[in-house]
Amino acid sequence: MGKVEVINHPLIQHKLTIIRDKSTGTKDFREVVNEIARLLAYEVSREMPLEDVEIETPLVKSVQKQLAGKKVVIVPILRAGLGMVDGMLDLIPAAKVGHVGMYRDHETMEPVEYFIKMPSDLAERQMLVVDPMLATGGSAVAAIDAIKKRGASNIKFVCLVAAPEGVKVLREAHPDVDIITASLDERLNEKGYILPGLGDAGDRLYGTM
Ligand code: PRP
Ligand code: URA
């Protein structure tokens, strides 16, 4: 069973408060989302495997460590997931980026896929699916369905704010997927928005309210 990890580092909590605040404008919202994504990338990379490598320091030959193992693919769920990509690439600059376009129908709350473009050989890779919000879980489940259909198997889902309802749905649909979130919030409202949440992440990132 994949794990659910809430990264409640003080810096992350402080930055989350900034983006939850409705008076935070688009520019600051975008910057702080990327800052949190950078901190989450640091936590997510904690488990990356290492291998020995022999090098020469200016003084002696020495066996040291370097990253080994699977190549990383960051998979933002469009639109809002795009807001986390640059922050994650700051720490994992060699990662490839695959895109999944998914929007939530406002009436039915069901996800609708409209775009997908992935690198090759997904089975070989560590996939980091990123989206600021895990609400009903529909978008995350559909995005992970789509990349599994294309061969991905080693998948982590990284978000900023998760609702307990979405965590349950995602864990039931994809029990192998680790969920890493900066916050586990209280609940969803009747329109499927996370409470206390931060509102519509895509609209706040791109100023489309
Ligand atoms: C938001 C968010 C997630 C989804 C979460 O996207 O970025 O993708 O809702 O909701 P769910 O867990 O109930 O599926 P939205 O549909 O608003 O599209 P956008 O990113 O283009 O604004
Ligand atoms: N999507 C968002 O952007 N915000 C929510 O609270 C729920 C879904």
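**Pockets and the ligand 1 site**

Colleague: What volume does the largest pocket have?

Modeller: In this predicted model, the largest pocket has a volume of about 580 Å³.

Colleague: And which residues are closest to its centre?

Modeller: The lining of the largest pocket counts 27 residues, and Tyr-103, Arg-104, Ser-139, Asp-200 and Gly-202 are the ones closest to the centre.

Colleague: Which elements give two or more residues to that lining?

Modeller: Three strands and two helices do: strand S4 (71-78), together with S6 and S9, and then H4 and helix H6 (201-206).

Colleague: How does the lining of the largest pocket split by class?

Modeller: There are 14 nonpolar residues in that lining, alongside eight polar and five charged ones.

Colleague: OK, on to the ligand. Where does ligand 1 sit?

Modeller: Ligand 1 sits in that largest pocket, and of the 15 residues around the ligand, Arg-104, Asp-131, Thr-136, Gly-137 and Ser-139 come nearest.

Colleague: Which elements supply at least two residues of the shell around ligand 1?

Modeller: Strand S6 (99-104), strand S9 (133-134) and helix H4 (138-149) each do so, and S6, S9 and H4 are also among the elements that give two or more residues to the pocket lining.

Colleague: What about the classes in the shell around ligand 1?

Modeller: The shell is made up of six nonpolar, five polar and four charged residues.

Colleague: Which oxygen contacts should I look at? How far is the side chain of Asp-131 from an oxygen atom of ligand 1?

Modeller: For Asp-131, a side-chain N or O atom is 2.4 Å from an oxygen atom of ligand 1. Ser-139 has a polar side-chain atom 2.6 Å from an oxygen atom of the ligand, while for the side chain of Arg-79 the distance from an N or O atom to a ligand oxygen is 2.9 Å.

Colleague: And how much of ligand 1 does the protein bury?

Modeller: Ligand 1 taken alone exposes 500 Å², and the protein buries 93% of that area.

Colleague: Changing topic, what volume does the second largest pocket have?

Modeller: The second largest pocket has a volume of about 420 Å³, and of the 20 residues that line it, Met-48, Leu-67, Ala-68, Lys-70 and Val-72 are closest to its centre.

Colleague: Which elements supply at least two residues of its lining, and how many residues there are charged?

Modeller: S4, strand S8 (125-130) and strand S10 (154-162) each supply at least two residues. By class, the lining of the second largest pocket has four charged residues, with twelve nonpolar and four polar residues besides.

Note on methods: Residues numbered from 1 in each chain as written. Chains lettered and ligands numbered in written order. Predicted model: local features only at pLDDT ≥ 70, side-chain atom pairs only at ≥ 80, totals over all residues. Heavy atoms only, no water. Near = heavy atom within 4 Å. Polar contact = N/O pair within 3.5 Å; in protein donor to acceptor, adjacent residues only side chain to side chain. Areas by Shrake-Rupley, 256 points an atom, 1.4 Å probe, with all protein chains shown as cover. 1 Å grid on protein atoms, 1.4 Å probe; cavity = no way out; pocket = protein on both sides within 12 Å on 5 of 7 lines; lining within 4 Å. Sits in = over half its atoms within 2 Å of the grid points. Helix = DSSP H or I, 4+ residues; strand = E, 2+ residues; numbered from the N terminus. Nonpolar A, V, L, I, M, F, W, Y, C, P; charged D, E, K, R; others polar. Points joined across faces, edges and corners; volume = space filled by probe spheres on them.
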